[in-house]
Protein chains: 4
Amino acid sequence: MFDEIHEECGVFGIFSKDPEIKVVEEAYLALFALQHRGQESCGIAVNDGGVIVSYKDLGLVPDVFNPVVMKHLEGGSMAVGHCRYATSKSANRENAQPLVSKYKKGTLALAYNGTLVNSAELRAELESTGAIFQTTNDAEIMLYLLARERINCPSIEMALKNVMKKLKGAYSLVLMSPSKLIAARDPKAIRPLCMGKIGESIVFASESCAFDTLGAEFIRDVEPGEIIVVSNEGITELKDESIDKSKCGLCCFEYIYTARPDSVIDGASVHFARQEAGRSLAKAYPVEADLVCGVPDSGLDAALGYALESGIPYGVGFIKNRYIGRTFIQSTQAQRERSVKIKLNILKSAVEGKRVVVVDDSIVRGTTTANTIKLLREAGAKEIHMRIASPPFINPCYFGTDIESKENLIACRLTIDEICKQIGADTFCFLDVDSVFNIAKGCKLGLCAGCFTGKYPIEIPTNQTENKYQQKIK
Amino acid sequence: MFDEIHEECGVFGIFSKDPEIKVVEEAYLALFALQHRGQESCGIAVNDGGVIVSYKDLGLVPDVFNPVVMKHLEGGSMAVGHCRYATSKSANRENAQPLVSKYKKGTLALAYNGTLVNSAELRAELESTGAIFQTTNDAEIMLYLLARERINCPSIEMALKNVMKKLKGAYSLVLMSPSKLIAARDPKAIRPLCMGKIGESIVFASESCAFDTLGAEFIRDVEPGEIIVVSNEGITELKDESIDKSKCGLCCFEYIYTARPDSVIDGASVHFARQEAGRSLAKAYPVEADLVCGVPDSGLDAALGYALESGIPYGVGFIKNRYIGRTFIQSTQAQRERSVKIKLNILKSAVEGKRVVVVDDSIVRGTTTANTIKLLREAGAKEIHMRIASPPFINPCYFGTDIESKENLIACRLTIDEICKQIGADTFCFLDVDSVFNIAKGCKLGLCAGCFTGKYPIEIPTNQTENKYQQKIK
Amino acid sequence: MFDEIHEECGVFGIFSKDPEIKVVEEAYLALFALQHRGQESCGIAVNDGGVIVSYKDLGLVPDVFNPVVMKHLEGGSMAVGHCRYATSKSANRENAQPLVSKYKKGTLALAYNGTLVNSAELRAELESTGAIFQTTNDAEIMLYLLARERINCPSIEMALKNVMKKLKGAYSLVLMSPSKLIAARDPKAIRPLCMGKIGESIVFASESCAFDTLGAEFIRDVEPGEIIVVSNEGITELKDESIDKSKCGLCCFEYIYTARPDSVIDGASVHFARQEAGRSLAKAYPVEADLVCGVPDSGLDAALGYALESGIPYGVGFIKNRYIGRTFIQSTQAQRERSVKIKLNILKSAVEGKRVVVVDDSIVRGTTTANTIKLLREAGAKEIHMRIASPPFINPCYFGTDIESKENLIACRLTIDEICKQIGADTFCFLDVDSVFNIAKGCKLGLCAGCFTGKYPIEIPTNQTENKYQQKIK
Amino acid sequence: MFDEIHEECGVFGIFSKDPEIKVVEEAYLALFALQHRGQESCGIAVNDGGVIVSYKDLGLVPDVFNPVVMKHLEGGSMAVGHCRYATSKSANRENAQPLVSKYKKGTLALAYNGTLVNSAELRAELESTGAIFQTTNDAEIMLYLLARERINCPSIEMALKNVMKKLKGAYSLVLMSPSKLIAARDPKAIRPLCMGKIGESIVFASESCAFDTLGAEFIRDVEPGEIIVVSNEGITELKDESIDKSKCGLCCFEYIYTARPDSVIDGASVHFARQEAGRSLAKAYPVEADLVCGVPDSGLDAALGYALESGIPYGVGFIKNRYIGRTFIQSTQAQRERSVKIKLNILKSAVEGKRVVVVDDSIVRGTTTANTIKLLREAGAKEIHMRIASPPFINPCYFGTDIESKENLIACRLTIDEICKQIGADTFCFLDVDSVFNIAKGCKLGLCAGCFTGKYPIEIPTNQTENKYQQKIK
């Protein structure tokens, strides 16, 4: 359900020897294509002959990267970029990425997507030997480890390889040194990362949709635990052949909600994964109805799947105000009460007198869903059959998806019947947990569905599991 | 096709004796719901005990009406608001509405949607007796005529009645005097205007979707030539019974493109009108295919209609970047070439190897359509059957829809076969002109389809018909 | 005393056939030089071959005229500009000047400095024949009268001549028609206006300091009641020879406070007028002391005069924060209490143990003066002899200087002895009223000292005299 | 001469147990009083019960600290603030101070004024053991050293004491730990730092003028090499009794240009130091003349001294536009040529036909002085005797004053006679180097006049002396 789950981050990197290609423009457009992964802040670092210049700020890509800033960043043959997810905390500029820092061997710029589960330990270890931290960002930990490792390592990629042995958690990263662009993905491949090319130029991005925007050709996904180095010497791939891909933990929520439907992640189309989730729902929880409609935008694909499978006509039940999100509406009393109405309107003529199947991607607190169903009733819907294209959220995510705390998750508090009653639906069904593992047709990796199952691809330190809730309670 | 046709304006008015209702907040939310009708500028005027305070500026509603401005406008029992369509000309703040002016009897605030065809004559006549004009806005002409008429008239509504005899063209207006809120619609009812209520408070808006956002109840459309006066004395309706509704000229393009799908205009649902256009296309121009998809957002409803009528499965073929329009992308070289890709991505997995019917609401210059089809081909679509849910644009609109000049309209330059070839489709069809008059099921008024037929509900002065093209050529 | 009196407006006009001269840049720099006359808003209108383009907004000249706006206004051979005085009312963009309007004969842009005393009558008269007013600015009245008069007049300057017969009050104006730049000054010459040249290009400005900034040569002051027309045909001077210059009423407060010290107005140096006021005070009210210092910035010149005349050493007693005024300090509780300290600091080492003569240009409410004297005492000044380089304010100004209402004027409430006691000085003296008429050595015109004497060069309508106080009480 | 020398930084710290005192407001007002020391960026960090929240950005104090930011920082009992000097490089937000970082023992916020001469060595040493640097700011080096030292130290102040042994250069710093506010000054006391109190609350600031603005009482200057710790346990002073104050090197340029005239630094009044410089010039280089005037603002005090000593009347020769600096004037061609005129105007009536002594604080490139003299000649000055209230700049400053490179310094290129000729004066004199050491009457410390003498209180590393010019040549 919109606005209740915060997106992930998006990363991008480019290495180009083509003088026609302006690396900052490519980064700008790629981040714009990845904007759905993070709207809080964004940044780009450009490497011009070993000198790295960067800019980052709170705000959307086209707002932050105005012509003056673009001019400031022009030139260069490498760039890394990042967009970061939205939180309610403002003024968090320091945490924006890429993080740029000087060390013994020059300058590094790092942008990553994910969360380390052992960051507290790593941080404590570093602090105990005199490290200082200016951000609360794991990127700073990684840069520290890299700087220290590099002292006794012949190359930055070897340093990275060693550092990766110490990192536990999710990270898909792009790293820029004075002469190299490096991409790497954690051994469980929890967050997506793929490689493409524009002519001879190499690009990396969190999602393939960025390549489509650039007109880049998709080459392949970065493999679990792999490090890819791009430099004037060419491309070097450091694969970890020991990894069993079926035991990886690619985040299933990327398919359910986070990624853009036009992306293909690790072999599976996001759009079709959602459609498949809808089909599974239709098979498992059929109902007699006149119309299937999805809650825009994230429920639309699954609704289409439900309609195709069930044979019930697909239709439009809601109109979303296309300007929502452009800028924050001033929060007045009137608006809080009307928050759903401002975003969505029921297409009364479509639902009036009808038995409607409403499909949404997920349910978090349940209040927005309840309001939506109330509006549907007022518009004259005769029956409302709510179908959620994912299983109940009952566990925290330790790898970067920002879900509500347990006490706010409706599925932690209520049974399915109670939820159905509370939100005012006639019937209510979740996608079965097992089905989650079958929606991403063609996916070459094992999936993490920890938020639904409580089983994670990495052991979670005890301080983390406790911390998770303390943090939320504050 | 997105971005090639500029929207109309949107108007709103409220009269409330309910102290719980903050009129400026209602106006804010209503304009936000009407934002699709105009993104260039917006304004609100509030009447607090006869004192009218106003604010207007270039920008989107939530940007212009920040908390400081909202505070400045708080209080009052009446408000009128306006949002204005986007043009390439910047810095046009003077032309924003509502236009507020003092005259002999106090202050008036006027917001209207439409265009007068005899404004040049009216302006010349006023100037010849010493009038000065600070804007190029027809609202200023109307206020002048009202001010002069009012001298010998017992009431502002009688003055308006007399003035309306002199006005030729499209105008749906809300007018606020120190003690009255007045709504009126031209005798041909070219632009929409409807009346609703929130409890005892009366509201007027260009489209009913604004009422849904406010939680207001729709009462009825303002009738052709009607004047409705709301004051402490109640509601007075000055109808013009002589008007033959079937000879009115409600703009058919409101149903095709301008209005929000969830609005109901003069008895007909916009969503269903578009769906019906799609159905008509399917009946008249069937084709064997595997998938029907619409160009987002304005082609989606017609695509659904085509799919329902033809039995070909409806699917998603394009993903639109949801952040497009949030803020203007910096115009770099790279971006101009890639303008379509930045906005839309093809859902390759959906169209690959398929025979695809692509439905769009209209075609203007044809270049965007050609680019879109090229991308579809690259994504592997086997056949592409383009269906346009409106007839060919071959004439100017004199009533406010901002269409390209003739030399840029593809339908003025090429035959249907030539268009098909130029844009690279396998087959290409327009909606038949006759069908336009049948899509808006339930519409109580005659329609104007002048942009397709060249027949207008009002005679167009010669200076206008010539001027139209001069203006564009500049 | 700083911040208690609001400045006037400043006007500028240029006519240039020299392609090297960019008229908008000249206007920008001239307005920047005249910025002290008005900080609320500013505007420039440029005439490029008869087409007038303008821009105006709230804010200081360099903020409003950013590169984008300057680009928008480039080109042209004529320009008029205006800066407007600061009030507490925000969001008053509509009232900014120049006022640009179309009328029968083309477009006019008008910028003026002053206030009409019969604007209510003129406005009522115009309204009774159907005029509408979008501003509360007298410029709109003038443009209306011009538009009406021009109907039966062969030229805009003849129309202006006739209109000036109807205007009562202060106005120094620049008017731009499609082909002419016109400057005019009211018959009493209440506000300054002068003419200069840059090569063959003609410029007009409120004060000569603007010419110095441009590197323009001062030609002469515009004479009382004179109209000067500049066009491709050359310069035409329409003088009113019937006017007795000694009966004019040039605002004496221009010399005391408003104008920049480096300006020469109607033959008299502003700096020397202030120095002379200080000398007069020294002659009339001598005192034994160790140091003479002025309250920055407006008391400095008179302090120097007092020192030179008395032989007491001139010194620096106060340091003003040079960033005051750059931007408004956020108004917190702490700051209100410390408002004087934030702006001024006492130079303790200079005043400690000294008998100090403190000179200020004027005293309005007296609270700031009292605070200043308190700080001086705390810094160890042994005696404080306050000298005000103008007589007591006891009457309103009807011609544009924005003085406090009577109940707030300390000189209306208290005797000189009471003032002395209340502000905490050892001695306290005002400049004698007679002396005011002698400070502006070389001034060719009679002066208006109405705010001190109650005698005005023009009869003030009764509604005005009453209105003046009602307005303030609101 | 204005605009040719860049100011230093300003620092502020407060420790308050008084609930009436809002520490962020005090910091805001203090930084506003210190704004002349740095206009590029500013920042405040607030400590609320051990949690440190901070905000910093490019811009002037009242612009950066808008109400939203102030709200974000409210509460707390300690704060440190900083304003940073202006450079042409934009977008340097990362380098703004205070620098806040977490380390083993909590969070530290550091703001300092000065420059280390051994920062390259320290940085290299830290990098060789794995440090990463996110800024180019010496504060980061200090925080690193503190973090490392603290591991084996019982308290932060002992760690600071040890770290100070490694630092070579100028630094006046305020450091905030979770429970302590610490101020320290380098052993040579190159930059000023003083302590005051508001009731029981303790404040530190670069200059005493900040205390006057706050209404704080001056206690004393921080001594060379001293560390002062303020905590709930009271005040602890760690003095270094071994330091010979007469061998310290307080920057003499603080007296000549940098500091505000109303500040008292290490016992000497800045205003009187400047006046004394003027007196010395008058004694050493007398001339027959009619008028002494200073170049605003920094030459005014010395001009007054020259006048008092010589008996030649002091007068105003220049009027500075009070809005200069409020915001950057758009740089157009016209403006570059007229840059002096835009800032300064000659008071023609004061200088015409006179023999004028013009006093300025310093001369850097000489071009502005030449322009000023040219304008004086045009205004009719008969003779122009230029007196510079400091010796010739011929050496770099390694401690933070940003002077031009040698090839741009007029005194490096030309003899005094050649300078006189080039700038067009009749006579031209510098203050003797010896006199510099006598102007600051009452100063308890030895002075550094390295920029004039080439003798520095600290040995400058060879890499620095070379680097200094490379840097400028870039």
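This is a guided tour of a predicted model, taken one selection at a time.

**Stop 1: chains B and A**

Select chain B and chain A together. The contact between them involves 58 residues of chain B and 58 residues of chain A. About 5000 Å² is buried between these two chains, and carbon and sulfur atoms give 59% of that area. How many salt bridges cross the interface of chain B and chain A? The rule finds zero. Polar contacts are found, however: 10 residue pairs are counted between chain B and chain A, with both residues at pLDDT 80 or more.

Now colour the helix α1(B). With six residues, α1(B) gives the most to the side of chain B that touches chain A. If you colour that side by residue class, you will see 27 nonpolar, 18 polar and 13 charged residues.

**Stop 2: the sheet in chain B**

Hide chain A and stay with chain B. Show the strands as a cartoon and look for an open sheet of seven strands, in the order β3-β2-β4-β1-β10-β9-β11, with antiparallel pairing. Which strands are at the edges? They are β3 (51-58) and β11 (217-221) of chain B, and each of them pairs on one side only. On average, neighbouring strands of this sheet are turned by 15° against each other, direction ignored.

Next, select residues 10-15 and residues 201-205 of chain B. These are strands β1 and β10 of chain B, which pair in the antiparallel sense over four bridges. To see a bridge, select Phe15(B), whose bridge partner in β10(B) is Ile202(B).

Then add residues 23-33 of chain B, which make up helix α1. This helix packs on the sheet and touches β1, β2 (41-48), β4 (78-84) and β9 (194-198) of chain B. The direction of the helix makes about 160° with that of β2(B). Recall that α1(B) was also met at the first stop, where it gave six residues to the side of chain B that touches chain A.

**Stop 3: chains D and C**

Select chain D and chain C. Here 58 residues from chain D and 58 residues from chain C take part in the contact. Together the two chains bury about 5000 Å², with 59% of it on carbon and sulfur atoms. Across this interface the rule finds zero salt bridges, but it does find 10 residue pairs in polar contact, both residues at pLDDT 80 or more. Select residues 23-33 of chain D to show helix α1, the source of the largest share of the side of chain D that touches chain C, namely six residues. By class, that side of chain D has 27 nonpolar, 18 polar and 13 charged residues.

**Stop 4: chains that do not touch**

Bring all the chains back into view. Chain A and chain C do not touch, and their nearest C-alpha atoms are 12 Å apart. Chain B and chain D do not touch either; for them too the nearest C-alpha atoms are 12 Å apart.

**Stop 5: three backbone details**

- Select Gln97(C) and Pro98(C): a cis peptide bond joins them, with omega about 0°. Pro98(C) lies in the loop between β4 (78-84) and β5 (99-103) of chain C.
- Select Pro296(D) and Asp297(D): the peptide bond from one to the other is cis, with omega near -10°. Asp297(D) sits in the loop between β17 (291-294) and α10 (300-310) of chain D.
- Select Ala189(A): its phi is positive, about 55°, although this residue is not a glycine. Ala189(A) belongs to the loop between β8 (181-185) and β9 (194-198) of chain A.

Key
Residues are numbered from 1 along each chain as its sequence is written. Chains are lettered from A and ligands numbered from 1 in the order in which they are written. This is a predicted model: local features need pLDDT of at least 70, side-chain atom pairs count only at pLDDT 80 or more; totals for chains, interfaces and linings use all residues. Side-chain values use heavy atoms; hydrogens and water are left out. Contact means heavy atoms within 4.5 Å. Buried area is the accessible area (1.4 Å probe) that two parts lose on being put together, summed over both. A salt bridge is a side-chain nitrogen of Lys or Arg within 4 Å of a carboxyl oxygen of Asp or Glu. A polar contact is a pair of N or O atoms within 3.5 Å; within protein, one must be able to donate a hydrogen and the other to accept it, and residues adjacent in sequence count only if both atoms are side-chain atoms. Helices (H or I, at least four residues) and strands (E, at least two) are DSSP runs, numbered from the N terminus. Ala, Val, Leu, Ile, Met, Phe, Trp, Tyr, Cys and Pro count as nonpolar, Asp, Glu, Lys and Arg as charged, and the others, Gly among them, as polar. Two strands pair if DSSP finds at least two bridges between them. Axes are lines fitted to C-alpha atoms, for helices over the stretch in contact, and angles run from 0 to 180 degrees between N-to-C directions.
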